[in-house]
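The following exercises concern the nonpolar cores and aromatic rings of one structure. Each task is followed by a solution in steps.

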Amino acid sequence: MKRIVKYLEKNKLEFIENFDVSLSSSIKLGGIIRLAIFPKTERQLERLVCFLHGTKTYFKVVGNLSNILFVENISYPVIITAKMSDEVEIKGKQAKVSAGVLLTKFCEQLKKNNLAGVEGLVGIPATVGGAIMSNAGAFGYSISDHLVSVKVFGAGKIFELNKNEIKFGYHYSNLTGFIILSATFLFENKNEYDIMKLANEYTFLRSRSQPSGLSLGSVFQKVGNKSAGFYIERCGLKGLRVGGVVVSTKHSNFFINENGGSVIDFLRLLSKVQNSVEKQFGVTLVPEIEKVGDKDETSCRLPYTYKK
């Protein structure tokens with residue numbers, strides 16, 4: 001760890017030792033990270049992941065921490081928070097964006113340049129890289145719809161992947177194991193007013209259906225053509241509480257940290273909901289959020305792991 005800290009100091013990279021991840025989590029839950037690093041540019045991120053890979057260090061790159069749950073009782077070695085400044089380059093209908101740019105800010109930049117195709121994604125609290133990794137979508141839009149290529153780090157090197165080399169599905173991509181550095185999109189021209197009008201309509205619909213408060217967004221994936229909330233609500237689970245975490249009474253596929261809850265509260269509530277739906281409908285709810293938990297689970301989710 002001393003070698004890493006020395007590198008960070010030399011290259012003037014912001015970092016925090018013994019970082020409480022709950023301070024950055026959208027649900028305000030999580031454990032202590034031995035070292036959190038905050039690169040501000042795509043170039044800094046590229047150099048950092050190459051360096052860490054060379055030192056055979058366990059590490060994980062995260063974005064806005066809006067759909068990931070770090071279990072509280074683990075000592076995670078290194079995370080990189082790649083929520084960077086507005087690195088967006090637009091030329092005509094093409095846009096190149098760093099992975100750490102917030103999706104909402106990216107959508108705003110596109111609107112100002114009369115580029116359409118992401119109106120339904122406005123308001124999703126993810127970075128562009130995180131959105132691509134999970135193929136974020138809403139209201140019939142998916143982040144992969146207008147994707148051309150992504151620049152990734154994998155197997156110790158940086159290279160480009162064209163869209164046709166990547167598999168996308170419902171809230172899925174096969175990019176696990178890669179670190180997304182940037183992406184290139186090709187959009188359509190449209191009047192800024194029309195883009196804004198459509199985006200505002202979707203924002204209104206989202207505000208009507210989704211609760212405010214501390215959450216990780218949708219907890220479970222769809223089951224066929226039905227939402228997980230359909231089954232949860234019909235089991236009478238709205239308002240079900242474990243400790244400080246409760247099933248939202250506004251949208252039953254959201255868990256709200258309402259009263260100083262813990263990760264254990266969240267996971268116990270998740271298990272109760274799964275068991276109830278399984279028992280009543282014979283349906284298995286699959287979590288949409290990513291849980292970083294025990295040592296074995298942690299290792300299998302890392303971009304690059306090394307057996308000691």
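Rings of Phe, Tyr and Trp (its six-membered ring) pair if their centres lie within 6.5 Å; planes under 30 degrees apart count as stacked, over 60 as edge-to-face and the rest as tilted. The model is predicted: local features need pLDDT of at least 70, side-chain atom pairs count only at pLDDT 80 or more, and totals for chains, interfaces and linings use all residues. Residues are numbered from 1 along each chain as its sequence is written, and side-chain values use heavy atoms, with hydrogens and water left out.

**Exercise 1.** Identify the aromatic cluster that contains F106.

Solution. F106, F185 and F187 together form one aromatic cluster. Next, consider the surroundings of F187, where contact means heavy atoms within 4.5 Å. With neighbours within four places in sequence left aside, F187 is in contact with residues including K93, F106, L110, V118 and H146.

**Exercise 2.** Describe the largest nonpolar core and state which helix gives the largest share.

Solution. A nonpolar core is a set of buried Ala, Val, Leu, Ile, Met, Phe, Trp, Tyr and Cys residues joined through side-chain atoms within 4.5 Å. Buried means under 20% relative accessible area, exposed over 50%, and partly exposed in between (1.4 Å probe, protein chains only). The largest such core has 31 residues, and L103, F106, V128, I132, V150, F185 and F187 have the most contacts inside it. Among the elements that give it two or more residues are helix 3 (103-112), strand 11 (147-154) and strand 15 (179-186); helices (H or I, at least four residues) and strands (E, at least two) are DSSP runs, numbered from the N terminus. Helix 3 supplies the largest share, four residues. Another core, of 25 residues, lies apart from this one and includes L216, Y231, L270 and V283.

**Exercise 3.** Classify the ring pairs that Y202 forms with F139 and with Y141.

Solution. The structure has twelve aromatic pairs by the rule above. The ring centres of F139 and Y202 are 4.8 Å apart and the planes stand at 25°, so this pair is stacked. F139 belongs to the loop between strand 9 (137-138) and strand 10 (141-142), whereas Y202 belongs to helix 5 (residues 192-209), 63 residues apart. F139 is partly exposed, at 36% relative accessibility, while Y202 is buried at 16%. For Y141 and Y202, the centres are 5.5 Å apart and the planes at 80°, so the pair is edge-to-face.
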